[in-house]
Protein chains: 2
Amino acid sequence: MSERPKAVVLLSGGLDSTTTLAIAKAQEFDVHALTFAYGQRHQAELDAARRVAARLGTAQHIVAQIDLRLFGGSALTSDIELPKGRKPEDMAHGIPCYPLPARNTIFLSFALAWAEVLEADNIFIGVNAIDYSGYPDCRPEFIEAYQHMADLATRAGVEGRQRLMIHTPLIRLTKADIIRKGLELGVDYALTSSCYDPSPEGTACGRCDSCLIRLKGFSEVGLQDPISYRLEG
Amino acid sequence: MSERPKAVVLLSGGLDSTTTLAIAKAQEFDVHALTFAYGQRHQAELDAARRVAARLGTAQHIVAQIDLRLFGGSALTSDIELPKGRKPEDMAHGIPCYPLPARNTIFLSFALAWAEVLEADNIFIGVNAIDYSGYPDCRPEFIEAYQHMADLATRAGVEGRQRLMIHTPLIRLTKADIIRKGLELGVDYALTSSCYDPSPEGTACGRCDSCLIRLKGFSEVGLQDPISYRLEG
């Protein structure tokens, strides 16, 4: 049995969650990685999560199936056209492309359930309030409210045996800072997948919000992104 | 299109959630019922939810598949022995049989996602802090904390267009009061299923915590429970 404190780490296989996993490992947590298969249009994200978990090393990696398509209303799980070629300054306003309804609320709820079973006090989530593409559930005030709720939700919280800590190591970092931090920790970003609209082989589009924010981050660091992007006519 | 306000109603098919659905209908909400198939050991609960939704009438009834067995740790989704024959006063302490980790947190998170897609301001949940069998996420302070978190989680909440109201019409009622309220509204409790350990045909055991609380409620009202219980040797 490991003597290290246990942590549930939310892992999408993207740049942010991969860096978050590397940080949890560097902080000597016993990492239990949790990935969601939520009716995505593509498998690239799940493949990346499995590659990352295998390379960085976890005590356990679970892929939870949750089909949010049944509610409708999301570009990432339906056929709604994704915006392409937007400027970063336009992404943070109006939230015109909300990838999944109540996304982080649902993901954290599953993490909380697993943490309760594991008797883990720690959850890591790679939310970011700087380059956050306008999602309300990536802000510090949301995370604080979630943590307060979670302490009232569980047996261990109510009995005072457990005080949940939601770690958000990226929340105040720019994308460039995140990349620098990951590189310091030896992360190979070639393993990761950030694109909302990859090709069937997993090649990134280079034009969705997620690709544009990622490319801008690498550009600010002065490095080339190691993943490949497809050329569009 | 309905002009009535929309509400997402969590419906397990048990006595409490069925009464809650009847209350939401009586309050003239346009009801969107949400049931979870979470790897239960039995289908009786899902069958009851479908019967109740059909009889009481809903705008929509969705059964969401979420497999919480992957986390382990719950008597209702695994082979752990359920306590039988406990006295009601013993059930509220120590939470020895926690049916699902972070149960209401997860259920409310899916309800929130659907409410966001529907642009519904209302969620109904049949939690009860009196005969609550010791679950921390059935208490008013949990619901208040959840509602606060939810207002920070969604686009509509942050933009001030939506202010979520989580309705808990049963929270301060005894089981007997709940039954009286449901009977006033014409609920046929023969449709419902509360047992944690029904037979394959759906017959209640009569000895698990849930059956005992239910039977005590009917006894206090001075009525016989219309569902059948199996006789044990």
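The following exchange between a trainee and a mentor goes through a predicted model of two chains, A and B.

Mentor: Residues are numbered from 1 along each chain as its sequence is written, while chains are lettered from A and ligands numbered from 1 in the order in which they are written. Because the model is predicted, local features need pLDDT of at least 70 and side-chain atom pairs count only at pLDDT 80 or more, whereas totals for chains, interfaces and linings use all residues.

Trainee: Which pattern does chain A follow when read along the sequence?

Mentor: Helices (H or I, at least four residues) and strands (E, at least two) are DSSP runs, numbered from the N terminus. On that basis chain A comes to eight helices and five strands. Read from its start, chain A has the pattern β-α-β-α-β-α-α-β-α-α-β-α-α.

Trainee: In what order do the five strands of chain A form their open sheet, and which strands stand at the edges?

Mentor: Two strands pair if DSSP finds at least two bridges between them, and in this sheet, of order E3-E2-E1-E4-E5, the pairing is parallel. The twist averages 25° from one strand to the next, with angles run from 0 to 180 degrees between N-to-C directions and axes fitted as lines to C-alpha atoms, for helices over the stretch in contact. Each edge strand has a single partner, so one side of each is left without a neighbour in the sheet; these are E3 (60-65) and E5 (165-167) of chain A.

Trainee: What is the bridge partner of Asn122(A) in E5(A)?

Mentor: Strand E4 (residues 122-124) of chain A runs parallel to E5(A), and three bridges join them. In E5(A), the residue paired with Asn122(A) is Met165(A).

Trainee: Is strand E1 of chain B largely enclosed or left open, and what is the hand of the crossover from E1(B) to E2(B)?

Mentor: A residue is buried if 20 or more other C-beta atoms, placed from the backbone, lie within 10 Å of its own, exposed if 12 or fewer, and partly exposed in between; four of the five residues of E1(B) (residues 6-10) are buried, so this strand is largely enclosed by the rest of the structure. E1(B) pairs in the parallel sense with strand E2 (residues 30-37) of chain B over five bridges, and Leu10(B) stands opposite Leu34(B) there. The chain crosses from E1(B) through helix H1 (residues 15-26) of chain B to E2(B), and, by the rule that the path over the helix runs clockwise with the strands pointing away from the viewer, this β-α-β crossover is right-handed.

Trainee: How are helices H4(A) and H4(B) oriented to each other?

Mentor: Helix H4 (residues 103-118) of chain A and helix H4 (residues 103-118) of chain B pack with their axes 9 Å apart, at an angle of about 170°. The contact residues, including Ile106(A) and Phe110(A) in H4(A) and Ile106(B) and Phe110(B) in H4(B), divide into eight nonpolar, four polar and no charged (Ala, Val, Leu, Ile, Met, Phe, Trp, Tyr, Cys and Pro count as nonpolar, Asp, Glu, Lys and Arg as charged, and the others, Gly among them, as polar). Angles under 35 degrees count as roughly parallel, over 145 as roughly antiparallel, 65 to 115 as roughly perpendicular and the rest as oblique; the two helices are therefore roughly antiparallel.

Trainee: Is Glu116(A) buried or exposed?

Mentor: Glu116(A) is found in helix H4 of chain A. Leaving aside neighbours within four places in sequence, Glu116(A) is in contact (C-beta atoms, placed from the backbone, within 7 Å) with Thr154(A), Ala156(A), Pro101(B) and Ala102(B). Because Glu116(A) has 26 C-beta neighbours inside 10 Å, this residue counts as buried.

Notes
Contact = placed C-beta atoms within 7 Å.
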